Amino acid sequence: MTIPAQANRYLYNGDGATTLFPYSSLFQLATDLLVILWDTGTLVETLPVMGVDYTVSGGLNNLGLAAAGAVNFTVAPSATKKVFLIGNPANTQTLHLTDGDDLPAEAVES
């Protein structure tokens with residue numbers, strides 16, 4: 001099976017009303033997403049705080065596989081803000097494969 005290329009960066013414009021921004025790529029943990037707010041007026045980049053400024057829904061599905069989700073801000077980013085959502089998982093190997101065992105295809109794909 002081939003692995004399809006997938007976008008891992010999404011850019012949205014704030015409008016002062018929208019709080020929910022979809023992240024359509026697969027991810028496992030909320031901490032796998034890097035959220036950046038960029039102010040187009042001051043050209044200043046800020047990192048909002050997860051659990052305070054925003055929450056993440058989605059990630060692992062009921063089978064324990066990676067899934068899409070969304071970032072929901074507690075206060076809608078203003079019209080001068082751009083919202084960057086970037087997939088940024090830790091570079092760690094979480095799957096342990098044992099010689100001679102069956103290859104767990106779903107876990108490998110995830």
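# Strands, Sheets and Aromatic Pairs

Reader: Are Phe21 and Phe73 buried or exposed?
Author: The model under discussion is predicted. A residue counts as buried when its relative accessible area is under 20%. Phe21 meets this condition, and Phe73 likewise is buried.

Reader: How many aromatic pairs does the structure hold, and at what angle do the planes of Phe21 and Phe73 stand?
Author: The structure holds five aromatic pairs. One of them joins Phe21 and Phe73, with 5.7 Å centre to centre. Planes over 60 degrees apart count as edge-to-face. The Phe21–Phe73 pair is edge-to-face, as the angle between its planes is 85 degrees.

Reader: How far apart in sequence are the parts that the pair of Phe21 and Phe73 ties together?
Author: Phe21 belongs to strand β2 (residues 20–27), whereas Phe73 belongs to strand β6 (residues 67–73). The pair therefore ties together parts whose separation in sequence is 52 residues.

Reader: What is the angle between the planes of Tyr23 and Phe27?
Author: Tyr23 and Phe27 form an aromatic pair at 5.7 Å centre to centre. This pair is edge-to-face, and the angle between its planes is 80 degrees.

Reader: Why do Tyr23 and Phe27 count as buried?
Author: The cut-off for a buried residue is under 20% relative accessible area. Tyr23 counts as buried because its relative accessibility is 1%. Phe27 counts as buried because its relative accessibility is 4%.

Reader: Which residues do ring pairs link into a cluster?
Author: Phe21 and Phe73, both buried, belong to this cluster. With the further members named, the linked residues are Tyr12, Phe21, Tyr54 and Phe73.

Reader: In which order do the elements of the protein chain run?
Author: The protein chain contains one helix and seven strands. Read from the N terminus on, the order is β-β-β-β-β-β-β-α.

Reader: Which strands stand at the edges of the open sheet of four strands?
Author: This open sheet has the order β1-β7-β3-β4, and its pairing is antiparallel. An edge strand here pairs on one side only, and the edge strands are β1 and β4 (44–46).

Reader: Which residue of β7 is the bridge partner of Tyr10?
Author: Strand β1 (residues 9–13) pairs with strand β7 (residues 81–87) over five bridges in the antiparallel sense. The partner of Tyr10 in β7 is Leu85.

Reader: Which residue in β7 stands opposite Asp39?
Author: Strand β3 (residues 33–39) and β7 run antiparallel and are joined by seven bridges. Leu33 has Gly87 in β7 as its bridge partner. Opposite Asp39 in β7 stands Lys81.

Reader: By what average angle are neighbouring strands of the open sheet of three strands turned against each other?
Author: The three strands follow the order β2-β6-β5, with antiparallel pairing. β2 and β5 (54–58) each have a single partner strand, so one side of each is left without a neighbour in the sheet. Direction ignored, neighbouring strands of this sheet are turned against each other on average by 25 degrees.

Reader: Which residue of β6 is the bridge partner of Phe27?
Author: β2 and β6 run antiparallel and are joined by five bridges. The bridge partner of Phe27 in β6 is Ala67.

Reader: What share of the contacts between residues at least 6 apart in sequence joins residues at least 24 apart?
Author: The protein chain has 110 residues, of which 25% are buried. Among its contacts between residues at least 6 apart in sequence, the share joining residues at least 24 apart is 64%.

Definitions and conventions
Residues numbered from 1 in each chain as written. Predicted model: local features only at pLDDT ≥ 70, side-chain atom pairs only at ≥ 80, totals over all residues. Heavy atoms only, no water. Phe/Tyr/Trp six-rings, centres within 6.5 Å; stacked < 30°, edge-to-face > 60°. Helix = DSSP H or I, 4+ residues; strand = E, 2+ residues; numbered from the N terminus. Buried < 20%, exposed > 50% of the residue type's maximum accessible area, 1.4 Å probe, protein only. Pairing = 2+ DSSP bridges. Axes fitted to C-alpha atoms, helices over the stretch in contact; angles between N-to-C directions. Contact = heavy atoms within 4.5 Å.
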